[in-house]
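Biologist: Please show me the model. I would like to go through it in questions and answers.

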Amino acid sequence: MDAFESRTRRCQDRLPEVGADAAILFPSTNLFYASGFREEPMERHLFLVVPSEGDPVFVAPEMYDEQIRDASWVSDLRLWADGEDPMALVADLADELDLREGHLLADDTMWALFTQDLRETLPEASFGLASEVFDDLRLRKDDAELDALRRAGALADEVSVEIRSLGADAIGLTEADLADEIDRLLAERGGEGVSFETVVGSGPNGAKPHHRRSDREIEPGDPVVLDFGAYVNGYPGDQTRTVVFAGDPPEEYQAVHETVQSAQQAAVEAVEPGVPAEEIDRAAREVIEAAGYGDRFVHRTGHGVGLDVHEAPYIVAGNEVELESGMVFSVEPGVYLPGKFGVRIEDLVIVTEDGCERLNDSPRTWEALGE
Ligand code: CO
């Protein structure tokens, strides 16, 4: 059986367990996960209806006929032409599959435009979210997924080492220049597009965890937060290092970097099956609190990574989900001193039978690296 088909079958098995009669997907990573067909969200109506029994059905624009058949094992396509009413096809399908009064799980990222159409076309139905079945399925990665994630991790490592070898040559470049260079290297070495907009946060900009890039020039002694990754076989890399390309870092920087590095190490060492996700967050937070920077660690410790670069399990206080082998997530504590600098160190890890495997191994030190 096709890998995508077996995922769909597992999804179908779970639907009744959550009281649902069907999932209705929209171009998303869930739709790709189940069908093998990948497309960006768009204004045209395109659904994959996965009933709890029988075969899934695409309702799709006619222009996608060949593309979907090439990419997906799903062979039942109901096509509509521009100018026709796609919701009439949905209504017919609902009759055929007896879904008019059903409980339907809509894709979490489905645009309101389409959920509104579904509610109008199927007024007797009730709605939930596709994540009720997909989150759990997607938590544990299969071998092909793990292989892609390992390769994406190795790619981020390679580019990290190469960019750090710039040393003093990075001084005077803008954050945007450096981000462009990272993106170019990721593509050159086989990346299929960046996982998210590459982060280069120099000096005080590093204290904003979600700073992307600016025209600020990198100065000697600036700590620079470098957070980036690229897709390999559909799965993203995500790695962060904080480096000083040349010159003497600000006072306090070494101590902060050491704290974050120890916190990251403690959290990685805490990873093993059976441990609640929140314990990993606690392991990192304890180290940072003990060093007196607890109030400057302003985000959770990590996020799951799979087809989506942020997905379950979230490594955050209150998440009691127990870790299981095959889960993949980031471990990325940080300390942010507004107006001064920030430090974050991030690796992805796979939970194994007795601990974890790091997907990133480039040096976690802060100095530039020699050629
Ligand atoms: Co991350």
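The questions below go from the metal site to a set of strands and then to the cysteines.

Biologist: What kind of model is this, and which residues coordinate the cobalt ion?

Modeller: This is a predicted model. The cobalt ion has donor atoms at 2.1 to 2.4 Å. In sequence the donor residues follow the spacing D-x64-H-x28-E-x13-E. They are Asp-238 (OD), His-303 (NE2), Glu-332 (OE) and Glu-346 (OE).

Biologist: Is the site of the cobalt ion tetrahedral or irregular?

Modeller: Tetrahedral would need all angles between 85 and 135 degrees. The 4 donor atoms here give angles of 74 to 153°. The site is therefore classed as irregular.

Biologist: How many residues apart are His-303 and Glu-346?

Modeller: The two cobalt donors link distant parts of the chain. His-303 sits in strand S12 (residues 302–304). Glu-346 lies in the loop between strand S16 (341–344) and strand S17 (347–351). The separation is 43 residues.

Biologist: Are His-303 and Glu-346 buried or exposed?

Modeller: Buried means under 20% relative accessible area. His-303 has 2%, and Glu-346 has 0%. Each value is under the cut-off, so both residues count as buried.

Biologist: Which residues cover the two faces of strand S2?

Modeller: S2 spans residues 47–51, and 5 of its 5 residues are buried. Leu-48 and Val-50 lie on one side. On the other side are Phe-47, Val-49 and Pro-51.

Biologist: In what sense does S2 pair with S1, and which residue of S2 is the partner of Ala-23?

Modeller: Strand S1 (residues 22–25) is joined to S2 by 4 bridges. The two strands run antiparallel. Within S2, the bridge partner of Ala-23 is Val-50.

Biologist: Which residue in the turn between S2 and S3 has a positive phi?

Modeller: S2 also pairs with strand S3 (residues 57–61), antiparallel, over 3 bridges. Phe-47 stands opposite Val-59 in this pairing. The two strands form a hairpin with 5 residues between them. A positive phi of about 85° belongs to Gly-54.

Biologist: How many disulfides does the whole structure hold?

Modeller: A disulfide is a covalent bond between the sulfur atoms of two cysteines. The cut-off for such a pair is 2.5 Å. A search of the whole structure gives a count of 0.

Biologist: Which is buried and which is partly exposed, Cys-11 or Cys-356?

Modeller: Cys-356 has 25% relative accessibility, so this residue counts as partly exposed. Cys-11 has 1%. That is under the 20% cut-off, so the buried residue is Cys-11.

Terms used: Residues are numbered from 1 along each chain as its sequence is written. This is a predicted model: local features need pLDDT of at least 70, side-chain atom pairs count only at pLDDT 80 or more; totals for chains, interfaces and linings use all residues. Side-chain values use heavy atoms; hydrogens and water are left out. Buried means under 20% relative accessible area, exposed over 50%, partly exposed in between (1.4 Å probe, protein chains only). Two strands pair if DSSP finds at least two bridges between them. Donors are N, O and S atoms within 2.8 Å of the metal (3.2 Å for Na, K and Ca); water is not among the atoms, so sites may look incomplete. Four donors count as tetrahedral if all angles lie between 85 and 135 degrees; four count as square planar and six as octahedral if opposite donors are over 155 degrees apart and all others between 65 and 115; anything else is irregular.
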